[in-house]
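Q: Could you take a close look at one helix here, the second one along the chain, and walk me through how it sits against its surroundings?

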Amino acid sequence: MRSSHRALTAQAKTKRRKAVRLLTGDARGEGDKTFSPAQQRIIEALIAAGGQMLFADLLEQSQASASTVQTLEKRGAVEVIVSGQA
């Protein structure tokens, strides 16, 4: 049986985390923007959380998929942020 080990580096890799930030003040579907029920759940969860949540937590709480967040990002309603943590 063979085993291999990775060489340890002097610097640990940074853990990257995704978050979602609400961008629009018109996020409740008023005006010319209308949102699907899943998109509305995402927006409501972000509003309840003060405008920003971790990506995975948002998906779990809103019972929505990542593609729903991506659609909202394309429409300019949210921004996906990637941050590094040591």
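A: Sure, starting with the whole chain: its accessible surface (Shrake-Rupley method, 1.4 Å probe, with only the protein chains shown counting as cover for residues) comes to about 6400 Å², and 48% of that belongs to carbon and sulfur atoms. Keep in mind that this is a predicted model, where local features need pLDDT of at least 70, side-chain atom pairs count only at pLDDT 80 or more, and totals for chains, interfaces and linings use all residues. Residues are numbered from 1 along each chain as its sequence is written, and side-chain values use heavy atoms, with hydrogens and water left out.

Of the 86 residues, 30% count as buried, meaning under 20% relative accessible area, with exposed being over 50% and partly exposed in between (1.4 Å probe, protein chains only). The chain has three helices and three strands, taken as DSSP runs (H or I, at least four residues, for helices; E, at least two, for strands) and numbered from the N terminus. Their order from the N terminus is β-α-β-α-α-β. Contact here means heavy atoms within 4.5 Å; among contacts between residues at least 6 apart in sequence, 69% join residues at least 24 apart.

Now to α2 (55-62). Helix α1 (residues 37-48) packs with α2 at an angle of about 120 degrees, the axes being 9 Å apart. Those axes are lines fitted to C-alpha atoms over the stretch in contact, and angles run from 0 to 180 degrees between N-to-C directions. The two helices are therefore oblique to each other: under 35 degrees would count as roughly parallel, over 145 as roughly antiparallel, 65 to 115 as roughly perpendicular, and the rest is oblique. On the α1 side the contact is made by Arg41, Ile42, Ala45 and Leu46, and on the α2 side by Leu58, Gln61 and Ser62. By class, that gives four nonpolar, two polar and one charged residues (Ala, Val, Leu, Ile, Met, Phe, Trp, Tyr, Cys and Pro are nonpolar, Asp, Glu, Lys and Arg charged, the others, Gly among them, polar).

Leu59 is also in α2, and at 18% relative accessible area Leu59 is buried. Leaving aside neighbours within four places in sequence, Leu59 touches Ala64, Ser65, Ala66 and Val69. Leu59 and Ala38 are 21 residues apart in sequence and 10.0 Å apart in space, C-alpha to C-alpha.

Then comes Gln63, in the loop between α2 and α3 (66-74). Gln63 isn't a glycine, yet has a positive phi of about 55 degrees. With 63% relative accessibility, Gln63 counts as exposed.
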